[in-house]
Structures are given as structure tokens and as C-alpha cells.
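Subject: Structure handover, with notes on a pocket and the salt bridges

Dear colleague,

Please find below the structure I promised to pass on to you. My notes on it follow directly after.

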Amino acid sequence: MATESEHVHLHGGRARKFREVKQSLEEELGYEVSKPRVVDELLEHYDGDHW
């Protein structure tokens, strides 16, 4: 079964937030996490306003 994928480019504050979440996850988990894993984390904690 084929899977879908999206390529997203973030700039400015959103790129900075993505890096912050990625670094925080890596510190918590103790290993380098993938970009899709960071996106999963962001979507899981999305509150409907903005991040």
C-alpha cells in the first residue's frame, strides 16, 4: 500500500518553534528524532490557535 507524504518548508518563527520542539524531544528521549515524529508531536499538542 502506498503512503502519502507532504513536503513542508517552515520559515521564521515556525521554523524556530519546530527546532525547539525537535531539540526538546531529543533531550527527553535521548536520541535524534525524525522530522515526521516532530510533526506528530506538534499535531498532538495543537490547541487550535497557533504554535
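Is Lys35 buried or exposed? With a relative accessible area of 58%, Lys35 is exposed, because that value is over the 50% above which a residue counts as exposed. Please keep in mind throughout that this is a predicted model, and that the values below are computed from it.

Lys35 belongs to helix H2, and Lys22, which stands 13 residues away from Lys35 along the chain, has its C-alpha atom 7.8 Å from that of Lys35. Lys22 itself is part of helix H1, and there the accessibility reads the other way: Lys22 counts as buried, because its relative accessibility of 16% is under the 20% limit. Once the neighbours within four places in sequence are set aside, the residues in contact with Lys22 are Glu32, Val33 and Val38.

The pocket

The largest pocket holds about 590 Å³ of space, and two elements give two or more residues to its lining, namely helix H1 (12-29) and helix H2 (35-44). Of the 16 lining residues, those that lie nearest the centre of the pocket are Val8, Leu10, Phe18, Lys35 and Val39, so that the exposed Lys35 described above appears again in this list. H2 provides the largest share of the lining, with 5 residues. Sorted by class, the lining consists of 10 nonpolar, 2 polar and 4 charged residues.

The salt bridges

How many salt bridges does the structure hold? There are 3 of them, and I take them in turn.

In one of them, the side chains of Lys22 and Glu26 meet with an N to O distance of 2.5 Å, and the side chains of these two residues are also joined by a polar contact of 2.5 Å. Both partners sit in helix H1, 4 residues apart, which is about one turn of the helix. Whereas Lys22 is buried at 16%, Glu26 has a relative accessible area of 22% and is therefore partly exposed, a value that falls between the limits of 20% and 50%.

Lys22 also forms a salt bridge with Glu32, where the closest N and O atoms are 3.9 Å apart. This pair links distant parts of the chain, since Glu32 lies in the loop between H1 and H2 and Lys22 in helix H1, with their positions 10 residues apart in the numbering. Glu32 counts as exposed, at 66% relative accessibility.

The remaining bridge to describe joins the side chains of Glu41 and Arg37, at 3.3 Å from N to O. Both of these residues lie in helix H2, 4 residues apart, or about one turn of the helix. Glu41 is buried, because its relative accessible area of 18% is under 20%, while Arg37, at 32%, is partly exposed. Salt bridges that share partners also join Lys22, Glu26 and Glu32 into one network.

If you open the model, Lys22 may be a convenient place to begin, as it is the residue that takes part in the bridges to both Glu26 and Glu32.

With kind regards

How values were computed: Residues are numbered from 1 along each chain as its sequence is written. This is a predicted model: local features need pLDDT of at least 70, side-chain atom pairs count only at pLDDT 80 or more; totals for chains, interfaces and linings use all residues. Side-chain values use heavy atoms; hydrogens and water are left out. On a 1 Å grid over the protein atoms alone, a cavity is a set of points where a 1.4 Å probe fits but cannot get out, and a pocket is an open set with protein on both sides within 12 Å along at least five of seven lines; lining residues have an atom within 4 Å of a point. Grid points are joined across faces, edges and corners, and a volume is the space filled by probe spheres set on the points. Ala, Val, Leu, Ile, Met, Phe, Trp, Tyr, Cys and Pro count as nonpolar, Asp, Glu, Lys and Arg as charged, and the others, Gly among them, as polar. Buried means under 20% relative accessible area, exposed over 50%, partly exposed in between (1.4 Å probe, protein chains only). A polar contact is a pair of N or O atoms within 3.5 Å; within protein, one must be able to donate a hydrogen and the other to accept it, and residues adjacent in sequence count only if both atoms are side-chain atoms. Contact means heavy atoms within 4.5 Å. A salt bridge is a side-chain nitrogen of Lys or Arg within 4 Å of a carboxyl oxygen of Asp or Glu.
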